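User: Hey, I'm new to this one. Can you walk me through it once it's on screen?

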Amino acid sequence: CPCVPTKGTMMDNRFATALVIACVLSLISTIYMAASIGTDFWYEYHTLSPAENVSEAGRSILEEFVSKDADEKTYTDALFRCNGTVGLWRRCITVPKNSHWYSPPETDMTTNCISFSLSDQFVEKYIEPGNHNSGTDLNRTYLWRLQFLLPFVSIGLMCFGALIGLCACACRSLYPAIATGVLHFLAGLCTLGLVGCYVAGIELLHRKLPLPEDVRGEFGWSFCLACVSAPLQFMAAALFIWAARTNRKEFTLLKAYRVA
């Protein structure tokens, strides 16, 4: 947070309050963004009877889901049938602890998660999921890659903005707060782009693999955190820029008045 300058500039309580609020908004948006990246509830599937579905197929669903060779269609089908959740880095399904074919359905469930590797984040998506001979779906491929890269760019911009704010404290100047505001604005655009890419990617996927009749899909709380983070970044950017520009303008007018 840019410090209140003591030499060469003047700042009243309005600007100090604006900067404090902007810093708080920036901190909250950073926490929200980090939490959304690190959690697995960007999209959730709710199945009416996941235990029965798993029991019918034995352990094959779980084995295929955790396999390193599982393609997009394989793990998406498992997400449909087993109350799956998807994050930016992991996919999870909920299955009975004992899912042998000879065992009755259980109510004691456990969650199994598999992380997307770095190569998975840049793998090509196919026009027909699971069919490598159907050709590359460029739209879904680049949407998937962007939704992986944009959140890190957003957090990086906010951290760089915070570093500029610390430099402003050391220099005892308010002017670098404009750069901090611009960086927060760019971070907000990245977060907004992330949300748009994720929504578009999910919609395109469900056109290729429609939800079964007994499955309901919805965006989860991790996605909501990213949605809330974007406007917070924009508000912090507006406050930083307003405080710096307005204070600079008033100081220039005051200096001109004294010279006159």
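Analyst: Sure, and one term up front: "partly exposed" means a relative accessible area between the buried range, under 20%, and the exposed range, over 50%. Lys 73 has 35% relative accessibility, so Lys 73 counts as partly exposed. Keep in mind that this is a predicted model.

User: Okay, what does Lys 73 form a salt bridge with?

Analyst: With Asp 77, and the closest N and O atoms are 2.9 Å apart. Both residues sit in helix α4, four residues apart, which is about one turn of the helix. Asp 77 is partly exposed too, at a relative accessible area of 27%.

User: Why would side chains like that pair up?

Analyst: Side chains of opposite charge can pair when their charged atoms come close.

User: How many salt bridges are there in the whole structure?

Analyst: A search finds seven. One of them joins Asp 137 and Lys 208, at 3.9 Å from N to O. That pair links distant parts of the chain, 71 residues apart: Asp 137 is in the loop between α5 and α6, and Lys 208 is in helix α7.

User: Is Asp 137 buried or exposed?

Analyst: Asp 137 is buried, because its relative accessible area is 12% and the cut-off for buried is under 20%. Lys 208, at 35%, is partly exposed.

User: Any others?

Analyst: Arg 216 pairs with Glu 218, with 2.9 Å between the closest N and O atoms. There's also a network: salt bridges with shared partners tie together Glu 72, Lys 125, Asp 137, Arg 140 and Lys 208.

User: Let's zoom out. What's the secondary structure of the chain?

Analyst: Eight helices and five strands. Along the sequence the pattern runs α-β-α-α-α-β-β-β-α-α-α-β-α. The chain has 260 residues, and 44% of them are buried.

User: And which atoms supply 63% of the area the chain exposes?

Analyst: Carbon and sulfur atoms do, out of about 13,400 Å². There's a nonpolar patch on the surface as well, made of Val 20, Val 24, Leu 27, Ile 28, Ile 31, Tyr 32 and Val 228, with about 580 Å² of accessible area together.

User: Which helix gives the most to the nonpolar patch?

Analyst: Helix α1, residues 13-38, with six residues. Ile 28 is in that helix, and at 31% relative accessible area Ile 28 is partly exposed.

User: New topic: what about spaces inside? How big is the largest cavity?

Analyst: The largest cavity has a volume of about 240 Å³. The search of the whole structure turns up one cavity of 30 Å³ or more. Its lining has 18 residues, and nearest the centre are Glu 72, Trp 144, Gly 201, Ile 202 and Leu 205. β1, α4, α6 and α7 each give two or more residues to that lining.

User: And the largest pocket?

Analyst: That pocket holds about 410 Å³ of space. It is lined by 22 residues, with Ala 70, Asp 71, Tyr 75, Asp 120 and Val 123 closest to the centre. Here α4, β4 and α5 are the elements giving two or more residues.

User: Last one: what's the phi of Asn 83?

Analyst: About 50°, so positive, although Asn 83 is not a glycine. Most residues other than glycine have a negative phi. Asn 83 sits in the loop between α4 and β2, and it is partly exposed at 22% relative accessibility.

Note on methods. Residues numbered from 1 in each chain as written. Predicted model: local features only at pLDDT ≥ 70, side-chain atom pairs only at ≥ 80, totals over all residues. Heavy atoms only, no water. Patch = residues over 30% accessible without salt bridge, like charges linked within 9 Å, V, L, I, M, F, W, Y side chains within 5 Å. Areas by Shrake-Rupley, 256 points an atom, 1.4 Å probe, with all protein chains shown as cover. Salt bridge = Lys/Arg side-chain N within 4 Å of Asp/Glu carboxyl O. Buried < 20%, exposed > 50% of the residue type's maximum accessible area, 1.4 Å probe, protein only. 1 Å grid on protein atoms, 1.4 Å probe; cavity = no way out; pocket = protein on both sides within 12 Å on 5 of 7 lines; lining within 4 Å. Points joined across faces, edges and corners; volume = space filled by probe spheres on them.
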